[in-house]
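Me: I should like to learn how to read the features of a structural model one at a time. Could we work through an example together?

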Amino acid sequence: MTTSQPLADCLFCRIVAGELPSEEVASSDEAYAFRDINPAAPSHVLIVPRRHLTDAAALEPGDSELLSALFSLAQAVATSEGLSGGYRLVFNVGEDAGNTVPHLHLHVLGGRPMAWPPG
Ligand code: AMP
Ligand code: ZN
């Protein structure tokens with residue numbers, strides 16, 4: 001299991017710590033959900049682990065409980081956002097996927113039909 005400490009210069013660590021503002025959508029002991037500042041859909045929520053992990057490529061077998069916590073919060077968000085018509089869950093990893101913030105985050109996108117394949 002990765003045991004990284006919060007990073008003082010990590011944007012999402014600072015949001016989790018309340019040092020930077022965010023619009024909370026849901027919260028649990030392990031994870032925090034807040035609105036994306038530049039929404040790509042009518043509902044666009046980011047779910048982050050409270051402890052710092054860089055991205056999905058850094059996950060280890062011992063991180064299974066943390067992953068479960070992220071998906072549990074995603075389910076709660078989908079319900080509270082009223083996404084009964086469906087939604088998309090996305091982890092971007094690396095440059096080719098357009099990953100910009102190096103703290104693991106699960107995008108929950110919904111509220112409109114979405115095309116496949118993604119751009
Ligand atoms: P990714 O491209 O997967 O790394 O996603 C990073 C996401 O973080 C983007 O959708 C940004 O719009 C979002 N974002 C960046 N800064 C903030 C912030 N301060 N509050 C909320 N969302 C943010
Ligand atoms: Zn972080």
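Reply: Certainly. This is a predicted model, and the interior is a suitable place to begin. The largest nonpolar core comprises 17 residues. Those with the most contacts inside it are Ala33, Val45, Ile47, Leu70, Leu73, Val77 and Val108.

Me: Which elements supply at least two residues of this core, and which gives the most?

Reply: One assigns each core residue to its helix or strand. Here β1 (24-27), β2 (31-35), β3, α2 and β5 (106-110) each contribute at least two residues. The greatest contribution comes from α2, with six residues.

Me: With which residues is Ala33 in contact, leaving aside neighbours within four places in sequence?

Reply: For such a residue one lists the partners that are brought to it by the fold. Ala33 is in contact with Glu23, Glu24, Val25, Ala26, Val45, Leu46, Ile47, Leu73 and Val77. Apart from the largest core lies another, of eight residues, including Val16, Leu46, Val48 and Val101.

Me: In what order do the strands of the sheet lie?

Reply: One follows the pairing from strand to strand. Five strands make up an open sheet, in the order β1-β2-β3-β5-β4, with antiparallel pairing. Because β1 and β4 (87-90) stand at the edges with a single partner strand each, one side of each is left without a neighbour in the sheet. From one strand to the next, the twist averages 20°.

Me: How many bridges join β4 to β5?

Reply: Four bridges join these two antiparallel strands. As a particular case, Tyr87 has Gly110 in β5 as its bridge partner.

Me: Which strands does α2 touch where it packs on the sheet?

Reply: One examines both the contacts and the relative direction. Helix α2 touches β1, β2, β3, β4 and β5, and its direction makes about 155° with that of β3.

Me: Which residues are the protein donors of the zinc ion (ligand 2)?

Reply: For a metal site one reads the donor atoms, then their geometry, then their places in sequence. The donors are Cys10 (SG), Cys13 (SG), His52 (ND1) and His103 (ND1), at 2.0 to 2.3 Å from the ion. Angles of 105 to 116° among the four donor atoms make the site tetrahedral. The sequence spacing of the donor residues is C-x2-C-x38-H-x50-H.

Me: Why does the pair Cys13 and His52 tie together parts that are 39 residues apart in sequence?

Reply: Cys13 belongs to helix α1 (residues 11-16) and His52 to the loop between β3 (43-49) and α2 (64-80), so the pair ties together those parts.

Me: Are Cys13 and His52 buried or exposed?

Reply: Both Cys13 and His52 are buried.

Conventions
Residues numbered from 1 in each chain as written. Chains lettered and ligands numbered in written order. Predicted model: local features only at pLDDT ≥ 70, side-chain atom pairs only at ≥ 80, totals over all residues. Heavy atoms only, no water. Donors = N, O, S within 2.8 Å, 3.2 Å for Na, K, Ca; no water. Tetrahedral: all angles 85-135°; square planar, octahedral: opposite > 155°, others 65-115°. Buried < 20%, exposed > 50% of the residue type's maximum accessible area, 1.4 Å probe, protein only. Core = buried A, V, L, I, M, F, W, Y, C linked by side-chain atoms within 4.5 Å. Contact = heavy atoms within 4.5 Å. Pairing = 2+ DSSP bridges. Axes fitted to C-alpha atoms, helices over the stretch in contact; angles between N-to-C directions.
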